[in-house]
Each structure stands twice: as C-alpha cells, then as structure tokens.
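Work through the exercises below with the sequence and the model in view, and try each task before you read its solution.

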Amino acid sequence: MAAEQFSPTFPPSLADVDRQNPTGPASSIGPTGLLLSGGGARAAYQVGVLQAIAALRREQGLQHGPNPFPVLAGTSAGAINVAALACHADAFDAAVRRMSHVWGHMHTEQIYKADSLSMLRSGAHWMTLLSLGWALARWSRMRPRSLLDNSPLKALMSGDLMPFERISQLIESGHLHALAITASSYSSGQHITFFQTRECLSPWIRDQRKAVQTLLTADHLLASSALPFIFPAMPLPMDGHLEYFGDGSMRQTAPLAPMIHLGANKLLVVGAGRRHEPTTSPAQADASYPTLAQVAGHALSSIFLDTLAVDIERAERINHTLSLISPAERIHSRLRPVEVLAITPSERIDDIATRHIEKLPLPVRTLLATLGVRMSAGSSPETPLRDGALASYLLFEQGYTRELMALGHKDAMARREEIIRFFGWAQAQPPA
C-alpha cells in the first residue's frame, strides 16, 4: 500500500515521469484504479455505486469515452465484480447494466446449493462431525471441506458475464491496463496477488505476500471468493505445484497495494462496510453469551472490513506527510502521493440483512438457526438484532441485493461533486 516503496515495480514509463515531475499533481501521471473489496452478498452495494458513476458519465456525455478504470483490482466478491468489468472494459455502461441485471435478479441457488439434500451433504454433515468428533471422520474416511457447496457460482461466471478470453484482447487494444485478483494460500500461508497486464513486470514481494503475473481465469475468482469455512478451498498452480487458496481478504494487510504497484495513482475504493461504525453503548450491548453466529459474523467483519479502513487511513497520513515535504526533498523519496476516494455504506448492512433473513431458503435458515441466528424480522435502536452480520455475507436474494444496490447508488450520488472532481469531469448541474 501507500506506505511501501513501490517504484521498482512500476512500468518504466510511469516511474520515469514520476521522477521527472516529483512536485506535479499525481493525477497527471498514471491511470485511475478501482478497488472493490470483499464481502459476499454485500458486494451488491458496489454495483449500485457503479450505476451512479455510469449515470454521471452519461450526464457529461462521456458514455462513449474510454474505460474510466484502466486498472482494476478486487478481492473475494469484489474480484468477481471487477472481473465482470474487465471482460467488458470497452463498454463500461453495458458492463454495469449486465452486472445490475445479475445482482438485481439474484437467488441463493445461483451461488451455492441450498436444497435440503445438498445441505445434508455439506452443512449438516459438517456440523455432525463437529459435534461427534473427528473419530467418525477417520472411521468413515470422510473429511468435511466446507459448510456450503458453491459449485453453482462457476456456472454464473461463465457465458456473457465473464468471457475471460476477452481480457487479453482488451489489454492489447488499450481498453484495459491491468487486472489484479487476490487470494490467500492455505498451503504456504502467503497472500498472493494474481495480475494480468501487457508489460512484463517484476512481481513485488513483501513479507508474507507476493504477486504472480498470469492469465486470469474463473478458478482465480473461485479461489479469491472462497469464504473461510463456508466455501471450499480452490487449487491453483504455483511454481510447478498445486496450492489451495481461500478468500483473498484473509491476511490482506495492504488492500491498496496492487493498484499502486500496477501504476494507478488515483484510486476509487468501494468497500462493503462503514469506515466509521458507531460504537454500541453499554446499555444497548447484548449481555448474553455470544452465539456461534455472532462470533462468526464478528470474525468475517474483521477479515473483510477492518484492513481496508486502516490502509485508507495510512494512505491519507502519507499524503499529508508528503505535502509537508519540500519539492527538493521529495525528489529523493521513493514515495509518491496517491489520491484516494473511498465510498462506503452510510447505513449498517448488518441491520439491512436482518430485514431479509426470512427470504433465505428454508434449509439455509435451518442451518443458520443451529448457529444461533434468530429469524425474527427487523430490529430497533433500542433492541438491535445482532445476528445479521453472518447472514449479510450469505444473503444472495434479490430483495436484499436490490436494497444494497439502491443504497450504493444513493451514497454515490450524495457525493456527486467529489466524484466529478475525482475524474476531472466538468461540473454538471444536478438532474431535475
């Protein structure tokens, strides 16, 4: 991320410009990057933000202009969204419409198997083994791999939504500069960024994380979006052998790093949780012992939400520090300012999820109930329902995803002038 020393891995042309213009605005060099974070079903919020950006482009008469995000990076469900954009980088508005249709008509069975038989084979069997001990697993020679079976997801990623063969063509034609997808290796413990670009770059290596240049496929997306415990790990080739990968948000200490390494110096970041979550007062806190669902939801939130907020704050501090350094001194620094615009939900997504839990298929609700998720609808400030965190990642139902998309659109439009300045578009009057 922004605190590291990146120049050795920049494309030479970008690094040379940066050296020659150390005092110039960062926006004068390098492409604009889009980072979409992970969060399972929460990623529907990102599509709403993209809808608003596409609408603002149309206001400016730029709908036929170049791709506004030449550098794309994503993790988990965010990786699926950026891959859909990358596969149609020559038609941004059409790509957003296609994504909006998919997320707006989402059903759980499109992501993971939710019928009773499949739940018995995966979730119930897994829970039974937990309760009876691993002796039964040894006796039956069966090993549980995940709570849910996400094999339908691969079918969703095929066809018109993600024709991966187009990525190389779009990079060659200049519509796309780079695409990066992150995953976490259960085998080696390293956090890996798989990226595809035209230039042959020296992969960056940091403590417990590195980059690998490759041709990206649907398997990389399945690996990046394999929620820990919930979805099965995905095998990927690494240095002549196979390693098993899980969700890229795990051990992701620097979410902004891939875009900066790939040359972007203006970063639009769309998260799946509020940057400044209000603290629950002692009077509102639930005094009862936490359920497994509460613990799991808390753990997933720490994986998906916390590191992104920390990295954005770190980038802002570095930008402020660089602004205090004189141009003569800055030329000797290997750091450079990076403009970051972060858009995150203005409402608690956990609370939104509680209004839609009952829309989940009955077998899924039954499984969640065994983990302690209460199925009562709604919550109030006086008696908040804290079970929504875990469900918020698994609620692939159109009522929930449409509400998140509407929230993303509203939040982005509320920051209309910031977005217009970020892209350098002419100021436009708000639509009637």
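**Exercise 1.** Find how many disulfides the whole structure holds.

*Solution.* Begin with the meaning of the term: a disulfide is a covalent bond between the sulfur atoms of two cysteines. The search used here accepts a pair of cysteine sulfur atoms within 2.5 Å, and across the whole structure it finds zero disulfides. Next, look at two cysteines: Cys-87 is buried, because its relative accessibility is 0%, whereas Cys-200 has 75% and therefore counts as exposed. Here buried means under 20% relative accessible area, exposed over 50% and partly exposed in between, with a 1.4 Å probe and protein chains only.

This is a predicted model, in which local features need pLDDT of at least 70 and side-chain atom pairs count only at pLDDT 80 or more, while totals for chains, interfaces and linings use all residues. Residues are numbered from 1 along each chain as its sequence is written, and side-chain values use heavy atoms, without hydrogens and water.

**Exercise 2.** Decide why strand E4 is largely enclosed by the rest of the structure, and identify its partners.

*Solution.* Strands are DSSP runs of at least two residues (E), numbered from the N terminus. Seven of the seven residues of E4 (residues 191–197) are buried, so the rest of the structure largely encloses this strand. Strands pair if DSSP finds at least two bridges between them. E3 (residues 178–185) runs antiparallel to E4, joined by seven bridges, and Leu-179 stands opposite Gln-196. With E6 (residues 209–213), E4 pairs in the parallel sense over five bridges, where Phe-195 has Gln-213 as its bridge partner.

Methods
Helices (H or I, at least four residues) and strands (E, at least two) are DSSP runs, numbered from the N terminus.
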